[in-house]
Amino acid sequence: DLPGALEKLRAALRLNPGLADAYILLGTVYKKMGEKQKALASFKRYLEVAPDGDEAAVARTNISELQE
């Protein structure tokens, strides 16, 4: 249920905007929904919040793919 996941992730980020992992998940959901610009923004936001985080390579890979 992508719309349900989207709403839960948005709610989590409203409570804690520094929750980096939520941005990776949000980007993935947007990407699966075909929302390219929103996915791109989410992956970029992850890198702003956690540039050296565990998912930084995943974020960079997705950014590269979405910018092609």
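In this predicted model, Glu-7 has a relative accessibility of 40% and counts as partly exposed. The side chain of Glu-7 meets that of Arg-14 in a salt bridge, with 3.1 Å from N to O. Arg-14 is exposed, at a relative accessible area of 56%. This pair belongs to a set of 3 salt bridges in the structure. Side chains of opposite charge can pair when their charged atoms come close.

Another of these salt bridges joins Glu-65 and Lys-31, whose closest N and O atoms are 2.7 Å apart. Glu-65 lies in helix α4 and Lys-31 in helix α2, so this salt bridge ties together parts that are 34 residues apart in sequence. Both partners fall between the limits for buried and exposed, which are under 20% and over 50% relative accessible area: Glu-65 is partly exposed at 40% relative accessibility, and Lys-31 is partly exposed with a relative accessible area of 33%.

Arg-45 and Glu-48 also form a salt bridge, and here the closest N and O atoms are 3.0 Å apart. Arg-45 and Glu-48 are 3 residues apart in helix α3, so about one helical turn separates them. Arg-45 is partly exposed at 31% relative accessibility, whereas Glu-48 is exposed with a relative accessible area of 56%.

From the charged pairs the description turns to the interior. Nonpolar side chains tend to be buried together in soluble globular proteins. The largest nonpolar core here has 20 residues, and Leu-26, Phe-43, Tyr-46, Leu-47 and Ala-59 are the ones that touch the most other members. At least two residues of this core come from each of α1 (2-15), α2 (20-32), α3 (36-49) and α4 (56-66). Helix α2 supplies the largest share, 7 residues.

Tyr-46, one of the core residues that touch the most other members, can be followed outward through its contacts. Setting aside residues up to four places away in sequence, Tyr-46 touches Ala-20, Asp-21, Tyr-23 and Ile-24, as well as Pro-51, Gly-53, Asp-54, Glu-55, Ala-56 and Ala-59.

Two of these contacts, Ala-56 and Ala-59, lead into α4. The buried residues of that helix are Ala-56, Ala-59, Asn-62, Ile-63 and Leu-66. Viewed down the axis of α4, the buried residues fall within an arc of 130°, so they line one face of the helix. Those buried residues pack against α2 and α3.

The polar residue Asn-62 is part of that buried set in α4. Asn-62 has a relative accessible area of 11%, and it counts as buried because the limit is under 20%. Apart from neighbours within four places in sequence, Asn-62 is in contact with Lys-31 and Phe-43. Lys-31 is the salt-bridge partner of Glu-65, and Phe-43 is among the core residues that touch the most other members.

Helix α3 has a buried polar residue too, Ser-42. The relative accessibility of Ser-42 is 5%. Beyond its neighbours within four places in sequence, Ser-42 is in contact with Tyr-23, Leu-26, Gly-27 and Tyr-30. Of these, Tyr-23 is also touched by Tyr-46, and Leu-26 is one of the core residues that touch the most other members.

Terms used. Residues numbered from 1 in each chain as written. Predicted model: local features only at pLDDT ≥ 70, side-chain atom pairs only at ≥ 80, totals over all residues. Heavy atoms only, no water. Core = buried A, V, L, I, M, F, W, Y, C linked by side-chain atoms within 4.5 Å. Buried < 20%, exposed > 50% of the residue type's maximum accessible area, 1.4 Å probe, protein only. Helix = DSSP H or I, 4+ residues; strand = E, 2+ residues; numbered from the N terminus. Contact = heavy atoms within 4.5 Å. Arc of directions from axis to C-beta. Salt bridge = Lys/Arg side-chain N within 4 Å of Asp/Glu carboxyl O.
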